[in-house]
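Hi,

Here is the structure I promised to pass on. Have a look at it first, and then read my notes underneath.

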Amino acid sequence: MKLARNCLSLLAFVLLGGGYIGSYWFQSNGSPAGWAFAVDQPTIRSLAWILLGSALVLAFNKNVEDEGW
């Protein structure tokens, strides 16, 4: 379970960093509307819901290593 949490954290970090870099790139090139159109797609929204659901499942799933708590 710890590995799944670490992988999800790394994936979220990479996606957020990529989104920030993409936003900055489009803004500096003078076309922020292009970035808004690119990320306002059903695939991106589905990915966001999947990441949110995965984070909630992993947050409420008991970790076997934390038995002492």
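Let's start with one residue: Ile50 counts as exposed because its relative accessibility is 54%. The scale behind that word goes like this: buried is under 20% relative accessible area, exposed is over 50%, and partly exposed is in between, using a 1.4 Å probe and protein chains only. Ile50 sits in helix 3. Its C-alpha is 15 Å from that of Leu10, and the two are 40 residues apart in sequence.

Before going further, a word on what you are looking at. This is a predicted model, where local features need pLDDT of at least 70 and side-chain atom pairs count only at pLDDT 80 or more, while totals for chains, interfaces and linings use all residues. Residues are numbered from 1 along each chain as its sequence is written, and side-chain values use heavy atoms, with hydrogens and water left out.

Now the overall picture. The protein chain has 3 helices and 0 strands, in the order α-α-α from the N terminus. Helices here are DSSP runs of H or I with at least four residues, strands are runs of E with at least two, and both are numbered from the N terminus.

How does the radius of gyration of the protein chain sit against a compact globule of 69 residues? The chain has 16 Å, whereas the globule would be near 11 Å. That radius is taken over C-alpha atoms, and the globule rule is 2.2 Å times the number of residues to the power 0.38. Along the principal axes, the C-alpha atoms fill a box of roughly 55 × 20 × 15 Å.

Just 7% of the 69 residues are buried. One of the buried ones is Asn63, with a relative accessible area of 12%, in the segment after helix 3. Asn63 and Leu10 are 53 residues apart along the chain, and 19 Å separates their C-alpha atoms.

On to the outside. The accessible surface is about 5800 Å², and 71% of it belongs to carbon and sulfur atoms; areas come from the Shrake-Rupley method with a 1.4 Å probe, and for residues only the protein chains shown count as cover. Which residues make the nonpolar surface patch of about 530 Å²? They are Trp49, Leu52, Leu56 and Phe60. A patch takes residues with over 30% relative accessible area and no salt bridge, joining nonpolar side chains (Val, Leu, Ile, Met, Phe, Trp, Tyr) within 5 Å and like charges within 9 Å. Phe60 belongs to helix 3, residues 42–60, and counts as exposed because its relative accessibility is 72%.

Next, the salt bridges (a side-chain nitrogen of Lys or Arg within 4 Å of a carboxyl oxygen of Asp or Glu). The count is 1: Arg45 and Asp40 meet through their side chains at 3.6 Å, N to O. Arg45 is partly exposed at 45% relative accessibility, and Asp40 is partly exposed at 48%.

Finally, go to helix 1 (residues 2–28), where you will find Ser23. Ser23 is partly exposed, because its relative accessible area is 34%. Between Ser23 and Val57 there are 29 Å from C-alpha to C-alpha, and the two are 34 residues apart in sequence.

Cheers
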